[in-house]
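Take a moment with the sequence and the model below. The paragraphs that follow walk through the fold, one part at a time.

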Amino acid sequence: MAPRTILGTAKIPNDGGELELTQRDNEFSIHLKGLRGELMNSRMHSSELALAELGCAGLKKTEDAKVLVGGMGMGFTLAAALKATSQSAQVVVAELVPEVIEWNKGPLGECAGRPLNDPRTKVALGDVAALFKAQKATYHAVLLDVDNGPEGFTHLDNDSLYSDDSLQAIRQTLFPNGMLAIWSAWSDPKFIKQLKKAHFKVQTQTVRAHKGKGSRHTIYLAKKI
Ligand SMILES: C[S@@+](CC[C@H](N)C(=O)[O-])C[C@H]1O[C@@H](n2cnc3c(N)ncnc32)[C@H](O)[C@@H]1O
């Protein structure tokens, strides 16, 4: 087996630890250094695609659709959001770690077909939470995959992203019938209750990690009502 090559490392803001990008043949991995584990592997991305396919369902016919993707990772969700929307759409990708964007401009970008090169993509560097302070309807869909689920993993500050106040703030940035879609490694009935309390109509979908096989992931689909 070919050895793994380290292509880059990056500090996560606010002492959140360090990310490392590695490559073995045409397989890329982004993991949290130390014992915290793998964040993303290029071989397994079916549920990252499903996040955008389900979250943007029906937007292909919407003129000037605006979608927010948080965060970039390997760009699969961003690429699927671009595919699910029309030529007049704009897809904003918020990414906390600047190097992740740089990695996607290099060899890693091939994995998802270089979605950063699409003129409809706009990069917002920084914490996606900052974009929810707008308190104004801006997006038709918000697609969140910044962690293992509604619990901080990459970035402990992300816990507050799933608080009641934050869910209300996210709701305000959605147009009526807008969709908040959240990727999670598990299903949590408490979080479903919390979304309902924040006046979302909630459904969940179980999706497999890789072409109908592998781990079962959950996509929370919370519609603004
Ligand atoms: C699991 S990866 C996303 C995978 C992505 N869905 C894909 O298709 O490749 C999580 C990404 O979110 C970023 N991230 C973590 N917390 C964030 C935050 N609060 N705001 C913006 N980006 C964040 C991480 O740096 C990482 O790039």
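How many residues lie between strand 2 and strand 3 in their hairpin, and which residue in the turn has a positive phi? Two residues lie between these strands, and Asp25 in the turn has a positive phi of about 50°. Keep in mind that this is a predicted model.

Start from that hairpin and look at the strands beside it. Strand 2 and strand 3 run antiparallel and are joined by six bridges. Gln23 stands opposite Phe28 in strand 3. On its other side, strand 2 (residues 18–24) is joined to strand 1, again antiparallel, by six bridges. Two pairs mark the register here. Gly8 stands opposite Leu21 in strand 2. Thr9 has Glu20 of strand 2 as its bridge partner.

Strand 1 and strand 2 form a hairpin too, with six residues between them. Asn14 sits in this loop. Its phi is near 60°, which is a positive value in a residue other than glycine.

Now step back to the whole sheet. These strands belong to an open sheet of four strands, in the order 1-2-3-4, with antiparallel pairing. The edges are strand 1 (5–11) and strand 4 (37–41), each of which pairs on one side only. From one strand to the next, the twist averages 25°. A helix packs on this sheet. It is helix 3 (residues 98–105), and it touches strand 1, strand 2 and strand 3 (27–32). The direction of helix 3 makes about 150° with that of strand 1.

A general point helps before the next sheet. Strands of a sheet pair through backbone hydrogen bonds, either parallel or antiparallel. The other open sheet has seven strands, and its pairing is mixed. The strand order is 7-6-5-8-9-11-10. Strand 7 (121–125) and strand 10 (200–210) are the edge strands, and each pairs on one side only. The twist from one strand to the next averages 20°.

Look at the end of this sheet where strand 10 lies. Strand 10 pairs with strand 11 (residues 213–224) in the antiparallel sense, over 10 bridges. Within that pairing, Thr204 stands opposite Tyr220 in strand 11.

Two helices meet this sheet. Helix 1 (residues 46–55) lies across strand 8 (139–144), strand 9 (174–184), strand 10 and strand 11. Helix 1 runs at about 150° to strand 10. Helix 4 (residues 164–172) packs on the sheet and touches strand 8, strand 9, strand 10 and strand 11. The direction of helix 4 makes about 130° with that of strand 9.

Helix 1 has a helical partner as well. Two packed helices are described by the angle between their axes and the distance between the axes. Helix 1 and helix 2 (residues 76–83) pack at an angle of about 35°, with their axes 8 Å apart. The crossing is right-handed. Which residues meet there? Glu48, Leu49, Leu51 and Ala52 come from helix 1, and they meet Phe76, Thr77, Ala80 and Ala81 of helix 2.

Follow the chain on from helix 1. The loop between helix 1 and strand 5 (66–70) holds Lys60. Leaving aside its neighbours within four places in sequence, Lys60 is in contact with Lys83, Ala84, Thr85 and Ser86. A polar atom of the Lys60 side chain lies 2.7 Å from the backbone oxygen of Lys83. Ile30 is another matter. Lys60 and Ile30 are 30 residues apart in sequence, and their C-alpha atoms are 31 Å apart in space.

Beyond strand 5 comes a backbone feature to check. The peptide bond from Gly70 to Gly71 is cis, with omega near -5°. Gly71 lies in the loop between strand 5 and helix 2.

Finish with the ligand. How many residues surround the ligand, and which are the closest? There are 22, and the closest are Met74, Thr77, Glu95, Asp145 and Asn158. Thr77 was also named where helix 2 meets helix 1. Nitrogen atoms of the ligand take part in several polar pairs. A polar side-chain atom of Asp145 lies 2.7 Å from a ligand nitrogen. For Asp127, a polar side-chain atom lies 3.0 Å from a nitrogen atom of the ligand. Val128 uses its backbone instead, with an N or O atom 2.9 Å from a ligand nitrogen. On its own, the ligand has 610 Å² of accessible area, and the protein covers 99% of that.

Terms used
Residues numbered from 1 in each chain as written. Predicted model: local features only at pLDDT ≥ 70, side-chain atom pairs only at ≥ 80, totals over all residues. Heavy atoms only, no water. Pairing = 2+ DSSP bridges. Axes fitted to C-alpha atoms, helices over the stretch in contact; angles between N-to-C directions. Contact = heavy atoms within 4.5 Å. Near = heavy atom within 4 Å. Polar contact = N/O pair within 3.5 Å; in protein donor to acceptor, adjacent residues only side chain to side chain. Areas by Shrake-Rupley, 256 points an atom, 1.4 Å probe, with all protein chains shown as cover. Left-handed = near helix turned anticlockwise from the far one by under 90°.
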